[in-house]
Amino acid sequence: MAVFTILYLLVFAIFALVGFAILQIKLFGMNVKDFWGFIEANQILDRLYNFAKYYEKMSTQEQVIYLMEAEKVFDAFEKVPGTLWEEEYDKYNEVLARYKDIKMLRWATN
């Protein structure tokens, strides 16, 4: 009986924490879907940042993939307040600079 009581309290605590997190996201003026997209975009940003640091020359296919992934990141980051991603500002700017360079290079070659 005590095991069921402890289990019930743990499940209740988990639901309470999830509810509190959703409430905080809503109070911050965001949708949960936008916040989840931001978390995924943050992971993509880390991969793009590392890719941009190590690869100076990219093939045409790599450039297209980089541009598409960077646009996903930019869209997700626009939907959340800047205070959430101020730690990632340098990475964001590095990815943005590489994005602009690739766009200019592709524009110049066309």
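**Exercise 1. Compare the span of helix α1 with the span expected at 1.5 Å a residue.**

Step 1. Helix α1 has 26 residues. Helices here are DSSP runs (H or I, at least four residues), numbered from the N terminus.
Step 2. The expected span is 1.5 Å times one less than the number of residues. For α1 that is 38 Å.
Step 3. From its first C-alpha to its last, α1 reaches 37 Å, close to the expected value.
Step 4. Look just past the helix. Gly 29 follows α1, and its phi is positive, near 90°.

This is a predicted model, in which local features need pLDDT of at least 70, side-chain atom pairs count only at pLDDT 80 or more, and totals for chains, interfaces and linings use all residues. Residues are numbered from 1 along each chain as its sequence is written, and side-chain values use heavy atoms, with hydrogens and water left out.

**Exercise 2. Find where confidence is lowest and where it is highest in the chain.**

Step 1. Use pLDDT, the predictor's confidence in each residue, from 0 to 100.
Step 2. Take the whole chain. Its mean pLDDT is 86, and 99% of its residues reach 70 or more.
Step 3. Go by element. Helix α2 (residues 32–54) is lowest, at a mean of 84. Helix α1 is highest, at 89.
Step 4. Keep the general caution in mind. Where pLDDT is low, the predicted coordinates should not be read in detail.

**Exercise 3. Sort Phe 15, Gln 24 and Ile 25 of helix α1 into buried, partly exposed or exposed.**

Step 1. Set the cut-offs. Buried means under 20% relative accessible area, exposed over 50%, and partly exposed in between (1.4 Å probe, protein chains only).
Step 2. Phe 15 is found in α1, which covers residues 2–27. Its relative accessibility is 62%, so Phe 15 is exposed.
Step 3. Gln 24 also lies in α1. Its relative accessible area is 39%, so Gln 24 is partly exposed.
Step 4. Ile 25 has its place in α1 too. At 13%, Ile 25 is buried.
Step 5. Add distances. The C-alpha atoms of Ile 25 and Phe 35 are separated by 7.6 Å, with their positions 10 residues apart along the chain. For Gln 24 and Lys 72, 48 residues apart along the chain, the C-alpha separation is 25 Å.

**Exercise 4. Which residues form a nonpolar patch on the surface with Phe 15?**

Step 1. Apply the patch rule. Members have over 30% relative accessible area and no salt bridge; like charges are joined within 9 Å, and nonpolar side chains (Val, Leu, Ile, Met, Phe, Trp, Tyr) within 5 Å.
Step 2. The partners of Phe 15 are Phe 4, Leu 7 and Val 11.
Step 3. Together the four have about 450 Å² of accessible area. Such areas come from the Shrake-Rupley method with a 1.4 Å probe; for residues, only the protein chains shown count as cover.

**Exercise 5. Trace the salt bridges of Lys 91.**

Step 1. A salt bridge is a side-chain nitrogen of Lys or Arg within 4 Å of a carboxyl oxygen of Asp or Glu. The count by this rule is three.
Step 2. Lys 91 meets Asp 46 at 2.8 Å, N to O. Lys 91 lies in helix α4 (residues 89–109) and Asp 46 in helix α2, so the pair ties together parts that are 45 residues apart in sequence.
Step 3. Lys 91 also bridges to Glu 88, with the closest N and O atoms 3.6 Å apart. Shared partners join Asp 46, Glu 88 and Lys 91 into one network.
Step 4. Check accessibility. Lys 91 is partly exposed at 26%, Asp 46 is partly exposed at 27%, and Glu 88 is buried at 14%.
Step 5. Turn to Glu 69 and Lys 72. Their closest N and O atoms are 3.2 Å apart. Both are in helix α3 (residues 60–78), three residues apart, and so about one helical turn separates them.

**Exercise 6. Classify the ring pair of Phe 77 and Trp 85.**

Step 1. Rings of Phe, Tyr and Trp (its six-membered ring) pair if their centres lie within 6.5 Å; planes under 30 degrees apart are stacked, over 60 edge-to-face, the rest tilted. The structure holds nine aromatic pairs.
Step 2. The two centres are 5.0 Å apart and the planes stand at 70°, so this pair is edge-to-face.
Step 3. Phe 77 and Trp 85 are both buried.
Step 4. Both belong to one aromatic cluster, whose members include Phe 35, Phe 38 and Tyr 99.

Terms used. Helix = DSSP H or I, 4+ residues; strand = E, 2+ residues; numbered from the N terminus.
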